[in-house]
Every structure is written in C-alpha cells, then in structure tokens.
Amino acid sequence: MTNENTMDQLLDSYDVKRINKGDILDGRVIDVNDKEVTVDIKYAFDGVISREELTADDKNPLDIVKSGDEFKVVVLSPNDGEGFVKLSRKRALLKEEKEEIRNAFNNGTIIKVRIKEEVKGGLVAEYGSVRVFIPASLVSRERIDIKTVVGKELEVKIIELDFNNNKVVGSRRVIEEEAYEKNQKVLWAEIKSGEKRKGVVKNIVKFGAFVDIGGVQGLVHINDLAWERVKRVEDVVSVGDEVEVYVGNVDLENRKLSLILKDVNKEPWNVHGDSMKIGDTLEGTVVRLTSFGAFVEVFKGIEGLVHISEITDEHIAKPEEVLKLNQKVKVKVLNIDKNAKRLSLSIKDAAEKSAEYLEYVDSEDEGVSLGDLFKDLF
C-alpha cells in the first residue's frame, strides 16, 4: 500500500474537511529552523513551508518568523509524501498583495511601495512581491533627481493595472497634484484685493515679474513696478528678491492675479497734484518723443504732454528736431486734469516767461548803484 493511500485512509478515518491544492488556509507557526517552517493548519497533518516558499528573497526563516506567528498560507500539495502538507507563505502573500493593489486601483486609495532601483524611463518599486513601475515623469510634480528616492518608501496611487501582462503602474505625482490643488483652493480663497503681501520674485519676463506670495504666483506688470517709467524689469527687481506687493485684481475662476510693487500710498498725483498750478513754470526731463509732441516728466511718475505746437514758435516737422531724450527743459503748466491724471505743458511759453523775466531784471538794474540795491540792509 502506498503512502498516499495510507494518508487517504487516515483522512477517511478523521471526520475532517479535505484540502485541495490552491486553498488558502490560516496557519500558526509551531517550529522554525534555517531550512523550513512547520505550521499548524488545524488539519489532521501539519504543514511545512520550505525556505524558498517563505519569502520572495530567500531569507533565513529564523530571521522572518517565530513560534506563535499567524498568517495565511497556500496549499501547494495536500500530501508531500512524508505526512505533511506542502505550503507556501509567499504565494499567499502575493495573492493578498494583488488583491490589495486591485482594491487600491479601484478605489483610488494610496499604497506604500519600496523603491528598488532606477531603470530606463523610471523606477522599479515593490509592493511586497508585486513589481510596480513608476515612470520618471510621475515620480514627483517637482523636478527631482529620481536616484535620490532609490531605497526609500514612497506613497503612490496605482493608475494602470493589468496582472495578466504584469503591468502595474504607480504615480507619486498624482498624489502631490491633488495635495497642491487642495492647498491652492485654500490659498486663493484667502487672497483679497488691496491687501499687502510679502513675496519672492520667481521669474522675470519682458513685460513684468512673477512673484510668489506664499504658494500663489501673480504678475507685477512692468507698469506697476514703479511710479516712474521703467524700461527694463531687471532695473527694478531680480530673481530671488524679497519684496512687498499690493494685491491688485484677483481672478478666482482663471486663477490669475495681478500684483503691484509700487507703493499705492505714494501715488504721484496724490503726493504732488495739489502743488501744481496752471501758469507754474517747472523743470522736467524729456522721457518720450512722439510724432505729435514730447512727454516731459515733472515729478517722478507724473508726465505731461508738450504738443508739437508748444515746443517752439518755429515750424518743426517733428520734436526730434529741437529735443532729445533725457534733456532737461523748463515747461509752463497750461492745463491740469487731476481726475484723468493729465497735464498739458508748454516749452515755448516757459521760454518766453524766462525771457520776460531776464528783460525785467536787466531794465531794473540799469542806473542802480550798489548802495541802492543794499540800502534796506543798512
């Protein structure tokens, strides 16, 4: 009579449920050595797990389990020919791990994997015995050296799953994007137009500078960098500069934000508007020449137009014939519109006024002695 027949007879003599290959059972460790683990599976015969079937990396059983440990096992053979049931712990784990991954994929939940190595195109990670591939573009939403995460644990979401073709794809980036989006909603909800914020210049472009005000970036247009005319953004700010800005327009729907670097409390028309009167003669600088005249800055941030007809009494075809950029000139105030922030100026009237003054001084000085000039001092 064979051993198998003997075992069948013994099983028949016990009123127990038969076990079959592939069954998953609960086991409890009753003995361990460096070659195998003996397990009580609440059956007529104990089960045995060989070292190769304990873990995927062939570790010493004494380093893995101890008497009393309980875990799931898979039946490899109900009869190993020696009166034991041949079992596998690593295959039971693999089934559990696959089921956990499937649930995570279906529910969009997060799992933790260990990064094993860098390969072409990304990283290979492990979820127990399951291989998970993480493309380089999905390791992080930030630009990082992916070598720095090898050997570490990483939380990921499974975005592609096909066990039949051994395709399990994970993404860390999708988690970071969700966290970023959640944080952005909170930050944008807190931003109020008109408030003052501290920020850092992150990028400079031809038309302005992008400033981060605590997780949200806004644009300071070149016209809002300073009250005076700015030719180059780099003349006012540099990348990395810490600045204080005012919040301008807030577009929550499109998440666009305009910022103002110039101090709104020092708006030039508010500061100097009342000090200018029609008929005043001021000194200014030619800051722009056009076909119809010249713009002269009389205070920082306040420019007035000198129409081509107000530049000189002589006929000229264009302002460049008598004026040049950055030239200092005297101008007479012809008109002031504070609401529209417009100023009309005249160079020729200022010149005539100066000529009249000089003529007056010259006529008054004729025949006057030093004693007459200084008589009131004695």
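A nonpolar core is here a set of buried Ala, Val, Leu, Ile, Met, Phe, Trp, Tyr and Cys residues that are joined through side-chain atoms within 4.5 Å. The legends below describe close-up views of a predicted model.

**View 1. The largest nonpolar core and the elements that supply it.** The largest nonpolar core has 22 residues, and those that touch the most other members are Ile213, Leu225, Val237, Leu257 and Leu259. At least two residues of this core come from each of helix H4 (173-190), strand E11 (196-205), strand E12 (208-212), strand E14 (242-251) and strand E15 (256-260), and E14 gives the most, with three residues. Leaving out residues up to four places away in sequence, Leu225 touches Val220, Val230, Val233, Val236, Val237, Leu261 and Lys262. A second core, separate from this one, consists of 20 residues and includes Val306, Ile308, Val333 and Ile347.

**View 2. Ser238 in the loop between strands E13 and E14.** Ser238 is placed in the loop that lies between strand E13 (217-221) and E14, and with a relative accessibility of 38% Ser238 counts as partly exposed. Apart from neighbours within four places in sequence, Ser238 is in contact with Val201 and Ile204. The C-alpha atom of Ser238 is separated by 8.3 Å from that of Asn203, a residue 35 residues apart from Ser238 along the chain.

**View 3. A closed barrel of five strands with helix H3 lying across part of it.** The strands of the closed barrel run in the order E1-E2-E3-E5-E4, and their pairing is mixed; from one strand to the next, the twist averages 55 degrees. Within the barrel, E3 pairs with strand E5 (residues 85-88) in the parallel sense over three bridges, and Gly47 stands opposite Val85 in E5. Helix H3 (residues 89-107) lies across strand E1 (24-32), E3, strand E4 (70-77) and E5, and the helix runs at about 110 degrees to E4.

**View 4. Two salt bridges that involve strand E1.** Lys72 and Asp26 form a salt bridge in which the closest N and O atoms are 2.8 Å apart. Lys72 lies in strand E4 and Asp26 in strand E1, so this pair ties together parts that are 46 residues apart in sequence. Lys72 is partly exposed, with a relative accessible area of 35%, whereas Asp26, with a relative accessible area of 52%, is exposed. A salt bridge is also formed by the side chains of Arg28 and Asp40, at 3.6 Å from N to O. Because Arg28 lies in strand E1 and Asp40 in strand E2, the pair ties together parts that are 12 residues apart in sequence. Arg28 is partly exposed at a relative accessible area of 35%, and Asp40 also counts as partly exposed, at 22% relative accessibility.

**View 5. The salt bridge between Arg114 and Glu153.** The side chains of Arg114 and Glu153 meet at 3.7 Å, N to O. Arg114 is in strand E6 (residues 110-119) and Glu153 is in strand E9, so that the pair links distant parts of the chain, 39 residues apart. Arg114 is partly exposed, with a relative accessible area of 41%, and Glu153 counts as partly exposed at 47% relative accessibility. Elsewhere, Arg141, Glu142, Arg173 and Glu177 are joined into one network by salt bridges that share partners. A search of the whole structure finds 25 salt bridges.

**View 6. The E17-E18 hairpin and the pairing of E18 with E20.** Strand E17 (residues 293-299) and strand E18 (residues 302-307) run antiparallel and are joined by six bridges, with Gly293 standing opposite His307 in E18. The two strands form a hairpin with two residues between them, and Gly301 in the turn has a positive phi of about 95 degrees. E18 is also joined by two bridges to strand E20 (residues 342-346), and these strands run parallel; here Val306 stands opposite Leu345 in E20.

**View 7. Positive phi at Lys42 and at Asn166.** Although Lys42 is not a glycine, its phi is positive, at about 55 degrees. Lys42 is found in the loop between strand E2 (36-40) and strand E3 (47-50), and at 79% relative accessibility Lys42 counts as exposed. Asn166, likewise not a glycine, has a positive phi of about 50 degrees. Asn166 is placed in the loop between strand E9 (153-162) and strand E10 (167-171), and with 64% relative accessibility Asn166 counts as exposed.

Notes. Residues are numbered from 1 along each chain as its sequence is written. This is a predicted model: local features need pLDDT of at least 70, side-chain atom pairs count only at pLDDT 80 or more; totals for chains, interfaces and linings use all residues. Side-chain values use heavy atoms; hydrogens and water are left out. Two strands pair if DSSP finds at least two bridges between them. Helices (H or I, at least four residues) and strands (E, at least two) are DSSP runs, numbered from the N terminus. Buried means under 20% relative accessible area, exposed over 50%, partly exposed in between (1.4 Å probe, protein chains only). Contact means heavy atoms within 4.5 Å. Axes are lines fitted to C-alpha atoms, for helices over the stretch in contact, and angles run from 0 to 180 degrees between N-to-C directions. A salt bridge is a side-chain nitrogen of Lys or Arg within 4 Å of a carboxyl oxygen of Asp or Glu.
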